[in-house]
Amino acid sequence: MAQDPQPLVNAEGESLTIDQALENLRQTADTGLRYYAAWWLGRFRVSIPEAIAGLVSALEDEGDRAPDGGYPLRRNAARALGKLGDRTVVPALIQCLGCNDYYVREAAAQALESLGDPQAIPALRSLLAGGVAAAVAVPDKPHLVQPYNAVLEALGTLGATDAIDEISPFLEHEVAQVQNAATRALYQLTGEATYCDRLVQRLQEPNLQLRRSAMMDLGAIGYLPAAQPIAATLAENSLKLIALQGVLESHLRQTGFPKFGLTDDARQVLVLMDELL
Amino acid sequence: MIVAVNQLVAAQDVAAIPTLITVLGYNNPGAAVAAVDGLVALGSEAVPALLEQIDGYNYGARAWAIRAVALIGDPRALPVLLETAKGDFALSVRRAAARGLGTIDWSKLTSDQSVSSQREVLAVLIGAAQDPEWVVRYAAIAALEGLAKALVKPETQKPPILDCLDQVFHHDETPAVQARACRALEVLGEPS
């Protein structure tokens with residue numbers, strides 16, 4: 001677990017201490033070491049002030065450039081900050097929403113969602129400017145002009161009820177994953193189960209990518225009636241377990257676990273998860 | 001190919017074992033899932049050939065074979081399951097192995113053999129309950145519940161299981177894992 005004694009070891013067996021990771025992030029000679037250190041601090045939830053400060057300054061890094069002009073270190077730093085739960089970094093992440101690297105904007109939107117600070121709502125909404133008509137693919141890139149999935153999901157999680165009218169048209173966007181993200185956000189903002197039922201139907205799609213995407217959305221919003229359909233859909237057990245974890249943990253929060261123990265619904269989700277191990 | 005595999009599986013014939021095992025190495029997840037189901041349905045008969053496959057070099061096939069022996073519960077697979085739960089680099093394989101350690105058919109061993117094997121399984125599962133990946137910890141907790149119900153010497157081996165479950169219930173960082181430990185304590189008659 002994250003609080004275990006150091007050195008912490010990653011899945012590939014490489015170990016770092018917190019001091020080494022901070023030093024690796026500080027130095028500028030080796031971009032690979034910096035990139036890895038940023039990931040590592042997030043992975044092991046190192047939320048001490050020195051780590052936060054190092055990651056925030058990495059959001060403005062100019063040293064690590066990808067062949068496409070992107071900023072790999074900034075991407076990793078934003079992702080790590082999303083995991084560390086320190087809301088003082090929200091203004092710096094909001095700045096990143098204006099970065100010219102799509103993947104930095106995406107990572108920042110996801111991090112802002114995780115941090116849960118509604119302060120980010122206006123800046124996120126501004127990325128929806130122009131609506132569906134403007135939400136087109138960038139020529140020769142595998143993505144749209146903005147990270148719409150991440151933005152829509154963040155607006156849902158942050159409770160941006162004022163943005164409902166801007167989000168609704170994305171239900172008809174031509175990319176199914178964007179539709180799913182809008183559906184998920186609208187469920188979070190309105191509580192109307194019809195939105196979730198749309199996602200549950202998607203679990204029957206012939207396309208595996210769409211089934212996976214719908215499953216992860218249902219897990220992220222924690223829609224309890226989806227537990228059985230998620231367990232039954234044709235996809236990898238690893239992903240089903242993550243989606244069911246989302247459903248279970250959302251239910252646990254709503255029912256006051258651990259103080260009030262387990263409900264029968266929670267026990268049933270556990271049975272479904274056991275069968276997928 | 002999945003259709004062909006399903007036909008072989010439906011035949012429930014031990015003669016299909018070598019073919020089903022070959023399918024595990026084809027890097028076709030749909031077909032591999034069907035082949036695993038078929039091998040699991042054949043039970044202990046499939047174990048020697050699966051263990052041979054696990055010694056092979058094809059990593060993908062090895063992972064599927066471990067999954068199959070984990071589901072069959074034959075004690076001949078204990079050494080490989082113990083080794084895998086302790087240190088395979090793929091978390092889904094550690095997860096499957098940990099689960100398998102909780103569903104061993106102990107009636108196939110003498111009670112002396114069971115006592116010493118259960119001691120080993122207990123130690124490995126308590127280690128796996130500290131795995132960095134939540135899903136491996138979850139599988140270890142589910143397996144500890146299974147092991148606790150099958151202990152030959154509950155008087156000495158059940159208390160450490162309950163201690164571990166209690167620790168995880170109170171201190172794990174992942175609520176789903178805490179919930180699984182809570183459930184295990186309920187099932188074992190030790191409401192927390």
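## A walk through a predicted two-chain model

With 277 residues, chain A would have a radius of gyration near 19 Å if it formed a compact globule, and its value of 20 Å agrees with that. Please keep in mind as we go that this is a predicted model.

Let us stay with chain A for a moment. Its C-alpha trace spans about 50 × 50 × 35 Å along the principal axes. The secondary structure consists of 16 helices and 2 strands. Of the 277 residues, 52% count as buried. Contacts that reach across the sequence are well represented: among those with a separation of 6 or more, 59% are between residues 24 or more positions apart. On the outside, chain A has an accessible surface of about 12,600 Å², and carbon and sulfur atoms account for 51% of that area.

Next come the charges. Chain A carries 22 positive and 34 negative side chains, yet the centres of these two sets lie 1 Å apart. Side chains of opposite charge can pair when their charged atoms come close. Over all chains, the whole structure holds 25 salt bridges, and a few of those in chain A are worth a visit.

Start at A:Glu62, whose side chain meets that of A:Arg65 in a salt bridge with an N to O distance of 3.7 Å. How accessible are the two partners? A:Glu62 counts as exposed because its relative accessibility is 51%, just past the cut-off of over 50%. A:Arg65, at 40%, counts as partly exposed.

A little further along, A:Asp68 forms a salt bridge with A:Arg75, and here the closest N and O atoms are 4.0 Å apart. The limit for a salt bridge is 4 Å, so this is a pair to look at with the cut-off in mind. A:Asp68 has a relative accessible area of 46%, which makes it partly exposed. A:Arg75, in contrast, is buried, with a relative accessible area of 13%.For a pair within one helix, turn to H16 of chain A, which covers residues 264-276. Here the side chains of A:Arg267 and A:Asp264 meet in a salt bridge, at 2.7 Å from N to O. The two residues are 3 apart in the sequence, about one turn of the helix. An α-helix has 3.6 residues a turn, so residues three or four places apart point the same way. A:Asp264 is exposed, with a relative accessible area of 56%, while A:Arg267 is partly exposed at 22%. Elsewhere in chain A, salt bridges go beyond a single pair: A:Glu113, A:Glu153, A:Arg184 and A:Asp217 are joined into one network by bridges that share partners.

Now for a residue in the interior. A:Thr183 sits in helix H11 of chain A, which runs over residues 176-190. Its relative accessibility is 1%, so A:Thr183 counts as buried. Which residues does A:Thr183 contact, leaving aside its neighbours within four places in sequence? They are A:Leu171, A:Tyr195, A:Arg198 and A:Leu199.

Time to cross over to chain B. It contains 11 helices and 0 strands, so its pattern along the sequence is α-α-α-α-α-α-α-α-α-α-α. For its 192 residues, a compact globule would have a radius of gyration near 16 Å, and the 17 Å of chain B agrees. Taken along the principal axes, the C-alpha atoms fill a box of roughly 50 × 35 × 30 Å. In chain B, 53% of the residues count as buried. Of the contacts between residues at least 6 apart in sequence, 61% join residues at least 24 apart.

Helix H6 of chain B, residues 78-87, gives a view of how these helices pack. Its buried residues are B:Leu78, B:Val80, B:Leu81, B:Leu82, B:Thr84 and B:Ala85. They pack against four helices of chain B, namely H4 (47-54), H5 (59-72), H7 (91-101) and H8 (111-128).

For a sense of distance across chain B, find B:Asp13 in the loop between helix H1 (2-11) and helix H2 (17-23). B:Asp13 is partly exposed, at 36% relative accessibility. B:Thr174 is 161 residues from B:Asp13 along the chain, and their C-alpha atoms are separated by 43 Å.

The surface of chain B rounds off the tour. Chain B exposes about 8,200 Å², with 54% of this area supplied by carbon and sulfur atoms. Chain B has 15 positive and 21 negative side chains, and the centres of these two sets lie 1 Å apart.

Definitions and conventions. Residues are numbered from 1 along each chain as its sequence is written. Chains are lettered from A and ligands numbered from 1 in the order in which they are written. This is a predicted model: local features need pLDDT of at least 70, side-chain atom pairs count only at pLDDT 80 or more; totals for chains, interfaces and linings use all residues. Side-chain values use heavy atoms; hydrogens and water are left out. The radius of gyration is taken over C-alpha atoms; the globule rule is 2.2 Å times the number of residues to the power 0.38. Buried means under 20% relative accessible area, exposed over 50%, partly exposed in between (1.4 Å probe, protein chains only). Contact means heavy atoms within 4.5 Å. Accessible areas come from the Shrake-Rupley method with a 1.4 Å probe; for residues, only the protein chains shown count as cover. Lys and Arg count as positive and Asp and Glu as negative; His and the chain ends are not counted. The place of a charge is taken as NZ of Lys, CZ of Arg, CG of Asp or CD of Glu.
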